[in-house]
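Take a look at the protein chain below. What can a first reading of its fold tell us?

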Amino acid sequence: MRNLALQTLADQLADDKTISADEALELRKAVFPDGVVSREEAEMLISLAARVANSDAAWSHAFVEAITDHVLAAGAYPGHVDEATVSWLTTRFGKEGPRETEVEAVLKILERAESAPEYLSAFARERVGALLALAPVGAAETETVRRCLYASSGSGRISVTEDEARWLFALDAATDGCANHVSWGDLFVKAILNHLMARKAPALLEANAMMARQAWLAKSTPGVMGMLGGMFQKGWQAKTRNANELEGWEAHYEAANGAAEADAQLKLAEIAWTVGMTKEDGKRTANEAALLAEMRNI
């Protein structure tokens with residue numbers, strides 16, 4: 001059944017194409033009385049957003065909160081965004097050019113979700129890119145890009161994927177020559193280096209190895225304390241005085257450190273990929289030049 005009262009209120013608020021703080025509060029009371037934002041209510045809010053402009057920040061906050069709450073609760077498992085909901089959202093948000101309130105809603109969903117289809121992250125990148133294209137990337141815009149990169153969807157991922165890195169190169173090309181804030185160049189360089197280093201993370205950082213070490217540390221026998229106790233019981237101090245024993249331990253750690261240092265170096269494949277990306281659009285941007293200069297120091 002249609003919420004005629006809410007529809008009437010939305011029509012009234014859209015008459016002057018703006019929503020004041022008081023009107024936003026009135027709308028919030030109409031949407032949230034039962035604590036649940038229905039699909040019908042979400043649809044009305046999205047339609048209303050397309051009809052108003054230059055509204056108070058209170059409206060933006062109410063819109064983002066309502067859409068986020070609806071999306072996170074719409075699937076079979078609250079907090080996990082399903083494919084059907086993503087399809088509905090991207091269709092409704094993708095009809096026209098991106099609006100800041102819609103971009104903020106998508107980012108908030110990604111940040112709060114326990115899980116979400118990768119397509120939602122790709123949609124967020126497309127919307128952010130369209131919003132920022134051909135305009136200077138200021139400090140606020142840089143923060144939006146940062147949020148888009150590191151919205152984790154509950155996975156805890158902090159590395160930059162190849163799709164995200166390619167998106168950054170495209171965004172850099174589209175905004176090159178604008179009066180960009182220095183933080184944009186800093187984020188670009190660090191994010192691309194993040195991607196390159198994550199492509200060949202050392203074994204010590206791999207998930208399976210990390211879980212195995214945690215299991216080893218949790219053991220009571222022989223465990224860490226048992227091992228340390230055994231060291232001293234067997235005359236650890238005497239062993240360290242033995243030249244052969246010392247040389248063996250030194251060789252072990254030297255080899256381990258050497259492997260770690262090798263893993264920290266960028267290999268030819270990473271360098272070739274990056275150089276190829278800097279040539280893809282036929283020009284060398286200021287951010288790309290800074291990236292290559294930083295890579296020479298690694």
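Two residues are in contact when they have heavy atoms within 4.5 Å of each other. Among contacts in the protein chain between residues at least 6 apart in sequence, 71% join residues at least 24 apart.

This is a predicted model, where local features need pLDDT of at least 70, side-chain atom pairs count only at pLDDT 80 or more, and totals for chains, interfaces and linings use all residues. Residues are numbered from 1 along each chain as its sequence is written, and side-chain values use heavy atoms, with hydrogens and water left out.

**Overall build**

The protein chain has 16 helices and zero strands. Both are DSSP runs, numbered from the N terminus: helices are H or I with at least four residues, strands are E with at least two. The exposed surface of the chain is about 16600 Å². Carbon and sulfur atoms supply 57% of that surface. Accessible areas come from the Shrake-Rupley method with a 1.4 Å probe; for residues, only the protein chains shown count as cover.

Buried means under 20% relative accessible area, exposed means over 50%, and partly exposed lies in between (1.4 Å probe, protein chains only). Of the 298 residues in the chain, 35% are buried.

**The core**

In soluble globular proteins, nonpolar side chains tend to be buried together. A nonpolar core is a set of buried Ala, Val, Leu, Ile, Met, Phe, Trp, Tyr and Cys residues joined through side-chain atoms within 4.5 Å. The largest one here has 67 residues. Trp59, Phe63 and Ile67 have the most contacts inside it. Helix H10 (residues 182-198) gives this core its largest share, eight residues.

Which residues does Ile67 touch, leaving aside its neighbours within four places in sequence? They are Ala42, Leu45, Ile46, Leu89, Phe93, Ala105 and Ile109.

**Rings and charges**

Rings of Phe, Tyr and Trp (its six-membered ring) pair if their centres lie within 6.5 Å. The count comes to five aromatic pairs. Phe169, Trp184, Phe188 and Trp273 form one aromatic cluster.

A charge sits over a ring if NZ of Lys or CZ of Arg is within 6 Å of the ring centre and within 35 degrees of the ring normal. Arg39 lies over the face of Trp88, at 4.1 Å from the ring centre. Trp88 also touches Glu43, a residue in contact with Arg92 as well.

**Three residues up close**

| Residue | Location | Relative accessible area |
|---|---|---|
| Lys17 | loop between helix H1 (4-14) and helix H2 (21-31) | 53%, exposed |
| Glu43 | helix H3 (residues 39-49) | 24%, partly exposed |
| Ala198 | helix H10 | 36%, partly exposed |

Lys17 is not a glycine, yet it has a positive phi of about 65°. Glu43 and Leu89 are 46 residues apart in sequence, but their C-alpha atoms are 9.5 Å apart in space. Ala198 and Ile158 are 40 residues apart in sequence, with a C-alpha to C-alpha distance of 9.5 Å.

**Confidence**

pLDDT is the predictor's confidence in each residue, from 0 to 100. The chain averages 80, and 75% of the residues score at least 70. Among the elements, helix H5 (residues 83-93) has the highest mean pLDDT, 95. Helix H12 (residues 223-233) has the lowest, 44.

Where does pLDDT stay under 50? One stretch is residues 201-214, with seven contacts beyond four places in sequence in the model. Another is residues 220-240, with 10 such contacts.

Methods:
Phe/Tyr/Trp six-rings, centres within 6.5 Å; stacked < 30°, edge-to-face > 60°.
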